[in-house]
Number of protein chains: 4
Amino acid sequence: MTTARPGRVRSEAARLAILDATRDELAERGYDKLSLDRIAAAAGVGKATIYRWYPHKGALVAEGMLSEHLLPRVPVADTGDVRADVHDWLRASLASLRESEVGGLIRATIAATAEDADVAAQYEARVTSLTRTALSDRLEVGRRAGRIRDDAPIAAMVESLIGTVLLHVLTRREADPAALDAIVGLLFDGVAPTR
Amino acid sequence: MTTARPGRVRSEAARLAILDATRDELAERGYDKLSLDRIAAAAGVGKATIYRWYPHKGALVAEGMLSEHLLPRVPVADTGDVRADVHDWLRASLASLRESEVGGLIRATIAATAEDADVAAQYEARVTSLTRTALSDRLEVGRRAGRIRDDAPIAAMVESLIGTVLLHVLTRREADPAALDAIVGLLFDGVAPTR
Amino acid sequence: MTTARPGRVRSEAARLAILDATRDELAERGYDKLSLDRIAAAAGVGKATIYRWYPHKGALVAEGMLSEHLLPRVPVADTGDVRADVHDWLRASLASLRESEVGGLIRATIAATAEDADVAAQYEARVTSLTRTALSDRLEVGRRAGRIRDDAPIAAMVESLIGTVLLHVLTRREADPAALDAIVGLLFDGVAPTR
Amino acid sequence: MTTARPGRVRSEAARLAILDATRDELAERGYDKLSLDRIAAAAGVGKATIYRWYPHKGALVAEGMLSEHLLPRVPVADTGDVRADVHDWLRASLASLRESEVGGLIRATIAATAEDADVAAQYEARVTSLTRTALSDRLEVGRRAGRIRDDAPIAAMVESLIGTVLLHVLTRREADPAALDAIVGLLFDGVAPTR
DNA sequence: CAGTAACCGAGACGGTACGTCGAGTCTTACA
DNA sequence: TGTAAGACTCGACGTACCGTCTCGGTTACTG
């Protein structure tokens, strides 16, 4: 039951213009060079309109991230072959970073996350958790199909996958196919001598 | 044969005071709230002295990082048991983040790395590479000792370990002992069914 | 019909605080040691507010001068005796320089005038011209009363009077009464032998 | 008997290079934009060398002024006709200001004089006094020749002449020939009705 | 359908920090 | 001892943003 207060209603056009302008700024200049003056000007919006809805610079970026406005999702396929599906997800994730706008956005996001605990919490709860769940679910299916050991540490594997992507983003490295194979091999087979 | 240019020599006292003040500011406020005015004041140094040696804020942070001034090193022990040594390194690394100053510094470092490609390159070349080498060397010894398969993807394993630490830093998570065990188990044994 | 632009209106309080602080700084330290940082601090105003309205240091000083804020006016009396009235004006003008604040302000004004052609033009148009007119008018009345020759070079006389005051300011000299008499005698009687 | 102290002797080349560079800077940018860094660079001299000999910026300018390095002298001729000689001096003085370098230098000098009492005193004692004496002497000769009244206020006349030149410099005005005639007429004949 | 409450753009405000430049001092190596 | 070079502290410059605050004006619910 919406309260229906009196007064003018929030302008959706302004909201979207702000988020679009934020995304552009973030991709182009990064988080700490983000300027609300510039965003307001680019969005054709008064600065006060931004501050009416977002208390901090961080809050604005957080909203941008957890909407569709900032980051593309990389889906986890299910072809029946877990190992191949994980491999593909990893390859696709690293490939998406090659598109310069996506790489810039993710790095901006990481910077925001590093600087601001609230942003980090939002990000974890509403963005990373989706990826985490998607991977977990796929691995769980693989386990039930017998492609993964019953007692396998699935959560740890998800962590490793995400951590690997993160490290590649920060070090701005290429996604070397051989290295990809090595990672997937590692996670599935481990390094210990054959038991 | 040093060139012996004319003119006053660079003040080592000023250099150290600047790096100390930078570390304190970084730990306390993070990378994007870093103020060179404040650093200069805290170091008892003119702002021009900072800019004489460091063209960007990023360059200053980079120098701070690759000296002993910013980050503690976590050594990799060799007790004969690779698995335990890796486990200990991971536990110690994650534990060091609990000390609030270290956590703040690392997050500031990550932000700097995300925002500035030069900083990232420096960091990779002079900091991460040390850890990477230390871990690789230890694993290599383990391999020669037969505790690790001959064809094991050691480089990938190192990546996974560092990526895991990174992800914990950014998400500000506790180092849950069970999760630690899971990660080490994963890396050594993989998730595939027993061959 | 005033244009009524959008946006917040200019703060009159800030404008006056800036001019007052400028006057104080100018009297105390002179034109080239004038610091906009100090003015802003003394006026309780952001530096940007000064720069928003005055593009140069010179423009600020110019505005200060042509308002009542910087210089006192010395009136030209009309007692019926031109010679005495001019004498009094000259004495009063030179006397006012003895008050340390006025002397400092005038010297600052002269420095501003010497350094900046725009300031000089403003000063001529809106300050000196008032004195020039006041003296001219009084002398013209004296001419009509027959106390001054019909073909007397009134404009040149005004120039001489102002130039004399100026020279005293710059050389920081006392207003010697005998010298005053001599100047007035010179201007009325000339130096040529009696015709 | 020169004392012949030990050590290297003062470099005359450096002294002259400094004064030349000072004159150029002063003519081009004026007193308050004078930069000792720039002077030192232009003169090929260390900044310390300037400060060894001149305690303040003002002292350097003062020395420049009272040497031949800054200002041209306008001589006072003696053709037998005082009135014409004074007229010519005034015309030549005002004409010299038209040369842009001289005008700039004089205005810089005035600014220096207005800002710094020491400079003003030096200037009065070593520059203006020369002009003052030259004019006084010529007028005195005229008096002895009967072209000027015995009781004429010669000092006041000199003041008026110098004051007039000063006012023209500051107001950046043309030397209008008719105005020149008027001034000379004023000083010789006064404005009072014929006695 | 008039009031009025909440919104909107524009843009000025007090501040903080930026990166640069200049003043005046000090420290080298060399002459 | 004097000199060129150049690093030093201090402080001002003029610009850019921050987050706040009026302005005049626009919706849209409410009495």
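These legends walk through close-up views of a predicted model, going from DNA strand E to the contact between chain A and chain B.

**View 1. The residues that surround DNA strand E.** Welcome to the protein–DNA side of this predicted model. Around DNA strand E there are 45 residues. The closest are D37(B), R38(B) and Y51(B), together with L36(D) and K47(D). Of the strand E atoms that come within 4 Å of the protein, 67% belong to sugar and phosphate. Sorted by class, the surface near strand E holds 17 charged, 15 nonpolar and 13 polar residues.

**View 2. Helices that build the surface near DNA strand E.** Here the focus moves from single residues to helices. In chain B, both α2 (36–43) and α3 (47–53) supply at least two residues each, and in chain D α2 (36–43) and α3 (47–53) do so too. Chain A and chain C take part through α3 (47–53), again with at least two residues from each helix. Which helix gives the most to this surface? That is α3(C), with 4 residues.

**View 3. Polar atoms beside the bases and a phosphate.** Zoom in and three N or O neighbours of DNA strand E are worth a look, starting with R8(A). An N or O atom in the side chain of R8(A) sits 3.3 Å from a base oxygen of the strand. For R8(B), a backbone N or O atom is 3.3 Å from a base oxygen. G46(C) also uses a backbone N or O atom, but its partner is a phosphate oxygen of strand E, at 3.3 Å.

**View 4. Where chain A meets chain B.** Now we leave the DNA for the contact between two protein chains. Chain A brings 46 residues to the contact, and chain B brings 46 residues. Together they bury about 4200 Å², with 60% of that area on carbon and sulfur atoms.

**View 5. Salt bridges, polar pairs and helices between chain A and chain B.** How many salt bridges link these two chains? There are 2 salt bridges between chain A and chain B. In one salt bridge, R173(A) pairs with E159(B), and their closest N and O atoms are 2.6 Å apart. The two chains also share 18 residue pairs in polar contact, counting pairs with both residues at pLDDT 80 or more. On the chain A side, α6 (100–115), α7 (117–144), α8 (154–171) and α9 (177–189) each supply at least two residues. The largest share there comes from α8(A), with 12 residues. By class, the side of chain A that touches chain B divides into 23 nonpolar, 13 charged and 10 polar residues.

Terms used. Residues are numbered from 1 along each chain as its sequence is written. Chains are lettered from A and ligands numbered from 1 in the order in which they are written. This is a predicted model: local features need pLDDT of at least 70, side-chain atom pairs count only at pLDDT 80 or more; totals for chains, interfaces and linings use all residues. Side-chain values use heavy atoms; hydrogens and water are left out. A residue is near a molecule or strand if one of its heavy atoms lies within 4 Å of it. A polar contact is a pair of N or O atoms within 3.5 Å; within protein, one must be able to donate a hydrogen and the other to accept it, and residues adjacent in sequence count only if both atoms are side-chain atoms. Ala, Val, Leu, Ile, Met, Phe, Trp, Tyr, Cys and Pro count as nonpolar, Asp, Glu, Lys and Arg as charged, and the others, Gly among them, as polar. Contact means heavy atoms within 4.5 Å. Buried area is the accessible area (1.4 Å probe) that two parts lose on being put together, summed over both. A salt bridge is a side-chain nitrogen of Lys or Arg within 4 Å of a carboxyl oxygen of Asp or Glu.
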